[in-house]
Amino acid sequence: MVDVMPVPSAPAKLGRLVVVGLGLIGGSFAKGVREKGLFDEVVGVDLDVESRRLAVELGVVDRCETDLAAACQGAAVIQLAVPILAMEKLLAQLAKLDLGEAVLTDVGSAKGNVVRAARLAFAGKVERFVPGHPIAGSEQSGVEASNARLFRRHKVILTPQESTDPAALALVDGLWRELGADVEHMEVEHHDQVLAATSHLPHLLAFTLVDSLAKRSENLEIFRYAAGGFRDFTRIAGSDPVMWHDIFLANREAVLRTLDAFRDDLDALRGAVDAGDGHQLLGVFTRARFAREHFS
Ligand code: TYR
């Protein structure tokens, strides 16, 4: 008998990944996972015919399906990457299908409303739903901006529930790590409050500032001088309006809490400018600079 060296077998692929919503995030996830060869096939679903065409043309997915049920039948993982308010309807549609052993996950920027919608749609049976949020993106949107490396060295926050199946959680966690993300787990409420402060409020400020100055500026003259701080605000204000409209409606309470606190501080700063209180201004600016030095 000759000893035969065992042939190392390629790791088993995971079956089919379905990505619903071929925007920047859904597209980048699909592309990244596809390039890693983790699934037998990556299938895209999107209402927009042009996004479906581009997704195939750009190699973001293997193919697209127009029928959600056909795409999800027998899928291993279903990634939901539609704007947050469209999630409710989508979850209700999915709950009517036989999803078998499929693991469901999402990328919504706020988690409370998605988790509530999932519980409602699936009558509380959400063991195989793993809510998630990649803290990545840009002011660009659409499948044409998809980038397989978008999540590298970016945080992805998963907000599992007590009932979440540990195997489903481990699977989703592993997929993001494969894309180079730094995965953390967090309570839903904590996630929504932290993100209201670090992402939602800054976007609100950018949108308001740019709109407020633009509508008062003759012939949009201000944009000709947007070389300084204003340029950074205009980049953020260039983000997808529908996506952000959804985020603010979905995360209302947390946004209002952080906005009210900020408004108090802004009023105080206004008071200092009005009173010519340079001491207070210096105090705020110095603390802010110090805080940033610790961060960067
Ligand atoms: N805020 C990021 C940027 O300025 C992109 C981003 C958007 C990240 C929404 C997370 C998120 O939920 O480019």
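## The β7-β8 pairing

In this predicted model, β7 and β8 (residues 155-158) run antiparallel to each other and pair over three bridges. One of the residues to look at here is His-133, whose bridge partner in β8 is Ile-157. Keep His-133 in mind, as the ligand section comes back to this residue.

## The three-stranded sheet

Zoom out a little and β7 and β8 turn out to belong to an open sheet of three strands, ordered β7-β8-β9, with mixed pairing. The edges are taken by β7 and by β9 (182-185), each of which pairs on one side only. On average, neighbouring strands in this sheet are turned by 20° against each other, if you ignore direction.

## Around the ligand

Back to His-133: a polar side-chain atom of this residue sits 2.6 Å from a ligand oxygen. Ser-109 also has a polar side-chain atom facing a ligand oxygen, at a distance of 2.7 Å. For Arg-235, the distance from a polar side-chain atom to an oxygen of the ligand is 3.4 Å. How much of the ligand's accessible area does the protein cover? On its own the ligand has 340 Å² of accessible area, and the protein covers 83% of that.

Two elements each give two or more residues to the shell: β7 (132-134) and α9 (241-250). The full set of residues around the ligand is Ser-109, His-133, Pro-134, Ala-136, Gly-137, Ser-138, His-203, Arg-235, Met-243 and Trp-244. Sorted by class, that shell comes to four nonpolar residues, five polar ones and one charged one.

## The six-stranded sheet

There's another open sheet to find, this one built from six strands in the order β3-β2-β1-β4-β5-β6, with parallel pairing. Why do β3 (63-65) and β6 (129-130) each have a side without a neighbour in the sheet? Both stand at the edges with a single partner strand each, so one side is left open in that sense.

At the β3 end, the partner is β2 (residues 41-45), and these two strands pair in the parallel sense over three bridges. If you want a spot to check by eye, try Val-43: this residue's bridge partner in β3 is Arg-63.

## A helix across the strands

Towards the β6 end of the strand order, have a look at helix α6 (residues 166-178). This helix lies across β4 (77-80), β5 (103-106) and β6. Relative to β5, α6 runs at about 50°.

Methods
Residues are numbered from 1 along each chain as its sequence is written. This is a predicted model: local features need pLDDT of at least 70, side-chain atom pairs count only at pLDDT 80 or more; totals for chains, interfaces and linings use all residues. Side-chain values use heavy atoms; hydrogens and water are left out. A residue is near a molecule or strand if one of its heavy atoms lies within 4 Å of it. A polar contact is a pair of N or O atoms within 3.5 Å; within protein, one must be able to donate a hydrogen and the other to accept it, and residues adjacent in sequence count only if both atoms are side-chain atoms. Accessible areas come from the Shrake-Rupley method with a 1.4 Å probe; for residues, only the protein chains shown count as cover. Helices (H or I, at least four residues) and strands (E, at least two) are DSSP runs, numbered from the N terminus. Ala, Val, Leu, Ile, Met, Phe, Trp, Tyr, Cys and Pro count as nonpolar, Asp, Glu, Lys and Arg as charged, and the others, Gly among them, as polar. Two strands pair if DSSP finds at least two bridges between them. Contact means heavy atoms within 4.5 Å. Axes are lines fitted to C-alpha atoms, for helices over the stretch in contact, and angles run from 0 to 180 degrees between N-to-C directions.
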